[in-house]
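Here is a briefing to read alongside the structure. Topics come in turn, in short sentences.

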Amino acid sequence: MRRPSSTGPSANKPCSKQPPPPPQHALSPAAPPAAATISAAGPGSSAVPAAAAVISGPGGGGGGGGGGAGPVSPQHHELTSLFECPVCFDYVLPPILQCQAGHLVCNQCRQKLSCCPTCRGALTPSIRNLAMEKVASAVLFPCKYATTACSLTLHHTEKPEHEDICEYRPYSCPCPGASCKWQGSLEAVMSHLMHAHKSITTLQGEDIVFLATDINLPGAVDWVMMQSCFGHHFMLVLEKQEKYEGHQQFFAIVLLIGTRKQAENFAYRLELNGNRRRLTWEATPRSIHDGVAAAIMNSDCLVFDTAIAHLFADNGNLGINVTISTCCP
Ligand SMILES: [Zn+2]
Ligand SMILES: [Zn+2]
Ligand SMILES: [Zn+2]
Ligand SMILES: [Zn+2]
């Protein structure tokens, strides 16, 4: 049985996104007149780009062929410790600048300092330390989440990219909009949502109706609700925003409160259905680690404009059928 739940709109952040390239897909004109199906990918294929970190180390030097989780020798640790910033204890990575006496400080800290934290000497003019930069290129540095169990070591050029997608990175609040700054572990996400976002309703079951009310409200608006099934919690998000100048669009997506790996075990289907028309989207849920913003930016979700919304809406309320299923690996 489908159990409808109405979800009121919430004010969204002001839309500050850059104008992206023109839309990449539209309803296929070849589709039958009253049933357009946009199908991203079946459960078998991956609709979400694989988030694998491909790490290859520098050709020569200390690291050999690639980064990895191998044991780090004491000498290697001694070497990386030479790169520790005396202020933030993160690594000083190229471009490496030193004070007049030769002390290093990382570039982030350097911007906030007026003198060298080690000797109080002048930081300007900037003096490059090319020898240390060369050494840095031959050393593998631990991921910045090494303290929370990530065991990867990486070439400095690959470190920022990996850290953006590192599975040990703290989770941010999955609620759309940038208003909540909460961060924490995956285990703490649900209790954060229950305490800080009490207005979000939860429905049990794999097949439910996500009813968004007042879809005609002007401006950027979010509708959010939770769905619990298969022992997991899913967040359903409908976002209305103006991605292109003067063109309001709706974006609907399902996120798993879980890791990317866990998300691969599920598929979701969103369906607008009514007035002898049907619009369907199927994909792998996104992990809340990735959030909704990138998916909306790439239109990797159910996208429809206000005219389509009106075809399916009833009195300004839009019901989206949401079905979650498991897919065997
Ligand atoms: Zn620093
Ligand atoms: Zn100094
Ligand atoms: Zn990591
Ligand atoms: Zn929050």
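**Zinc site, ligand 4**

At 25% relative accessibility, Cys180 counts as partly exposed. The cut-offs explain the label, because partly exposed lies between under 20% for buried and over 50% for exposed. This is a predicted model.

- Cys180 binds the zinc ion (ligand 4) through SG. The other protein donors are Cys173 (SG), His192 (NE2) and His197 (NE2). The donors lie 2.0 to 2.2 Å from the ion.
- What is the arrangement of the four donor atoms around the zinc ion (ligand 4)? The angles they subtend run from 102 to 121°, so the arrangement is tetrahedral.
- Along the chain, the donors of ligand 4 are spaced C-x6-C-x11-H-x4-H.
- Cys180 sits in the loop between S8 and S9. His197 sits in the loop between H5 and strand S10 (202-204). The pair therefore ties together parts that are 17 residues apart in sequence.
- His197 has a relative accessible area of 17% and is therefore buried.

**Helix H5**

- Helix H5 spans residues 186-196. Its buried residues are Leu186, Val189, Met190, His192 and Leu193.
- Why do the buried residues of H5 line one face of the helix? Seen down the axis, they fall within an arc of 160°, so they share that face.
- The general geometry of an α-helix is 3.6 residues a turn, so residues three or four places apart point the same way.
- Which exposed residues does H5 carry on the face turned away from its buried side? They are Glu187, Met194 and His195.
- Several elements help cover the buried residues of H5. Strands among them are S8 (171-172), S9 (183-184), S12 (221-229) and S13 (232-244). Helix H6 (260-263) is also included in the cover.
- His192 links the two topics. It is buried in H5, and its NE2 is a donor to the zinc ion (ligand 4).

**Zinc site, ligand 1**

- Four cysteines coordinate the zinc ion (ligand 1) through SG: Cys85, Cys88, Cys106 and Cys109. The distance is 2.3 Å.
- The site of ligand 1 is tetrahedral, with angles of 101 to 116° among its four donor atoms.
- The spacing of the donors along the chain is C-x2-C-x17-C-x2-C.
- Are Cys106 and Cys109 buried or exposed? Cys106 has 4% relative accessibility, so it counts as buried. Cys109 is buried as well, with a relative accessible area of 7%.

**Cis peptide bonds**

- The bond from Pro94 to Pro95 is cis, with omega near -5°. Pro95 lies in the loop between helix H1 (74-81) and strand S4 (97-98).
- The bond from Thr124 to Pro125 is cis, with omega near -5°. Pro125 lies in the loop between helix H2 (107-112) and strand S5 (127-128).

**Positive phi outside glycine**

- Phe230 has phi near 55°, a positive value in a residue other than glycine. Phe230 is in the loop between S12 and S13. Its relative accessible area is 35%, so Phe230 is partly exposed.
- Ser299 has phi near 55°, a positive value in a residue other than glycine. Ser299 is in the loop between helix H7 (293-297) and strand S18 (302-305). At 18% relative accessibility, Ser299 counts as buried.

Terms used: Residues numbered from 1 in each chain as written. Chains lettered and ligands numbered in written order. Predicted model: local features only at pLDDT ≥ 70, side-chain atom pairs only at ≥ 80, totals over all residues. Heavy atoms only, no water. Buried < 20%, exposed > 50% of the residue type's maximum accessible area, 1.4 Å probe, protein only. Helix = DSSP H or I, 4+ residues; strand = E, 2+ residues; numbered from the N terminus. Arc of directions from axis to C-beta. Contact = heavy atoms within 4.5 Å. Donors = N, O, S within 2.8 Å, 3.2 Å for Na, K, Ca; no water. Tetrahedral: all angles 85-135°; square planar, octahedral: opposite > 155°, others 65-115°.
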